[in-house]
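Biologist: Could you take me through one small spot in this chain that you find worth a close look, and then work outward from there? I'm happy with a long answer, as long as I can follow it with the model open beside me.

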Amino acid sequence: MEENKEQILIRRLLKKEEAAWKELFGTYSGSLAGVCTRYISGKDDIHDVLQNSFVKMFRSIETFEYRGSGSLKAWMIRITVNEALKHIRQHSGMTTDTDLADFPDIPDDEEPDLEEIPQVAIMKLIQSLPDGYRTVFNLFVFEKKSHREIAGILGIAEDSSASQFHRAKGLLVRKIKEFKMSKKAQYE
């Protein structure tokens, strides 16, 4: 079977070809910066995490195992998420002491209404969540981790993960409603 473009790039990366690394960076740095942005605010911090992620990829490319189309990107995303979580633990800590009374409970069945909201605005709303809430929300929604897995990753109780996700979702519902109301007011 003939190698695809991704397999050829991987072979070149394993040979430590500088041009291959530049191609990898050019191809994936934008989407990986987006992954960083889900977890971290601040351009300098995002840049640092992205740079650390690529250094880790360079140093550990020999451990990569090709499992089909898209597996390289999945591997890179996993490294980037891990580096973002490492950065959060080292620099800002997992702040979970936000006053929970500030965020009212929502019924379990209330889902954020994302209709007519641009993806960029949704990502900004997610990024505006408190650090701990945002991290748990991202791990649960985007990385498809269970609350047990999140608890292990972050060193918190499983119930805390579930509670923070519930609170993050409630806060996000409120922020989405406020966003929609502000947009509606602009057009009236």
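Modeller: Let's start with Lys16, which counts as partly exposed because its relative accessibility is 32%, between the 20% and 50% cut-offs. Bear in mind that this is a predicted model. You will find Lys16 in the loop between α1 and α2. What is the sign of its phi angle? For Lys16 phi is positive, about 60 degrees, although this residue is not a glycine.

Now look at the two helices on either side of that loop. Helix α1 covers residues 5-14 and helix α2 covers residues 18-39; they pack at an angle of about 130 degrees, and their axes are 8 Å apart. That angle makes α1 oblique to α2, and the crossing of α1 past α2 is left-handed. From α1, the residues making the contact are Glu6, Leu9, Arg12 and Leu13, while α2 brings Ala19, Ala20, Trp21, Glu23, Leu24 and Tyr28. Sorted by class, this contact of α1 with α2 holds seven nonpolar and three charged residues, and no polar ones.

Some of those names turn up again around Leu72. Leaving out residues up to four places away in sequence, Leu72 touches Glu6, Leu9, Ile10, Leu24, Tyr28 and Phe64. Among them, Glu6 and Leu9 are on the α1 side of the helix contact, and Leu24 and Tyr28 are on the α2 side. Leu72 and Leu24 also belong to the largest nonpolar core, which has 45 residues. Which members of that core touch the most other members? They are Leu24, Tyr39, Met57, Leu72, Trp75 and Met76. The helices giving two or more residues to this core are α1, α2, α3 (43-60), α4 (71-92), α5 (119-127), α6, α7 and α8. As a general background, nonpolar side chains tend to be buried together in soluble globular proteins.

Follow α2 along and you come to Arg38, which lies in this helix. Is Arg38 buried or exposed? Its relative accessibility is 12%, under the 20% cut-off, so Arg38 counts as buried. Again leaving out residues up to four places away in sequence, the residues touched by Arg38 are Met123, Arg134, Asn138, Phe142 and Glu143. Of these, Arg134 and Asn138 fall within α6, which spans 131-141. That gives us a way across to another part of the chain.

After α6 comes the loop that leads to α7 (147-154), and Ser146 lies in it. Lys144 is found in this loop as well. Like Lys16, Lys144 is a residue other than glycine with a positive phi, here near 60 degrees. Lys144 counts as exposed, at 67% relative accessibility, whereas Ser146 is partly exposed, with a relative accessible area of 30%. From Ser146 you can look back to Val136, 10 residues away along the chain: their C-alpha atoms are separated by 9.9 Å.

Val136 also takes part in a helix packing. Helix α8 (residues 158-187) meets α6 at an angle of about 100 degrees, with 8 Å between the axes. This angle makes α6 roughly perpendicular to α8. On the α6 side the contact uses Gly132, Tyr133, Val136, Phe137, Phe140 and Val141; on the α8 side it uses Ser161, Gln164, Phe165, Arg167, Ala168, Leu171 and Leu172. By class, that contact has nine nonpolar, three polar and one charged residues.

Two more residues help to place α8. His166 sits in α8 and is partly exposed, with a relative accessible area of 26%. The C-alpha atoms of His166 and Val136 are separated by 9.7 Å, with their positions 30 residues apart along the chain. Glu149, found in helix α7, is partly exposed at 41% relative accessible area. Its C-alpha atom is 9.4 Å from that of Ser161, 12 residues apart along the chain.

Finally, step back to the whole protein. There are eight helices and zero strands. Of its 188 residues, 38% count as buried. Among contacts between residues at least 6 apart in sequence, 70% join residues at least 24 apart.

Definitions and conventions: Residues numbered from 1 in each chain as written. Predicted model: local features only at pLDDT ≥ 70, side-chain atom pairs only at ≥ 80, totals over all residues. Heavy atoms only, no water. Axes fitted to C-alpha atoms, helices over the stretch in contact; angles between N-to-C directions. Helix = DSSP H or I, 4+ residues; strand = E, 2+ residues; numbered from the N terminus. Parallel < 35°, antiparallel > 145°, perpendicular 65-115°, else oblique. Left-handed = near helix turned anticlockwise from the far one by under 90°. Contact = heavy atoms within 4.5 Å. Nonpolar A, V, L, I, M, F, W, Y, C, P; charged D, E, K, R; others polar. Buried < 20%, exposed > 50% of the residue type's maximum accessible area, 1.4 Å probe, protein only. Core = buried A, V, L, I, M, F, W, Y, C linked by side-chain atoms within 4.5 Å.
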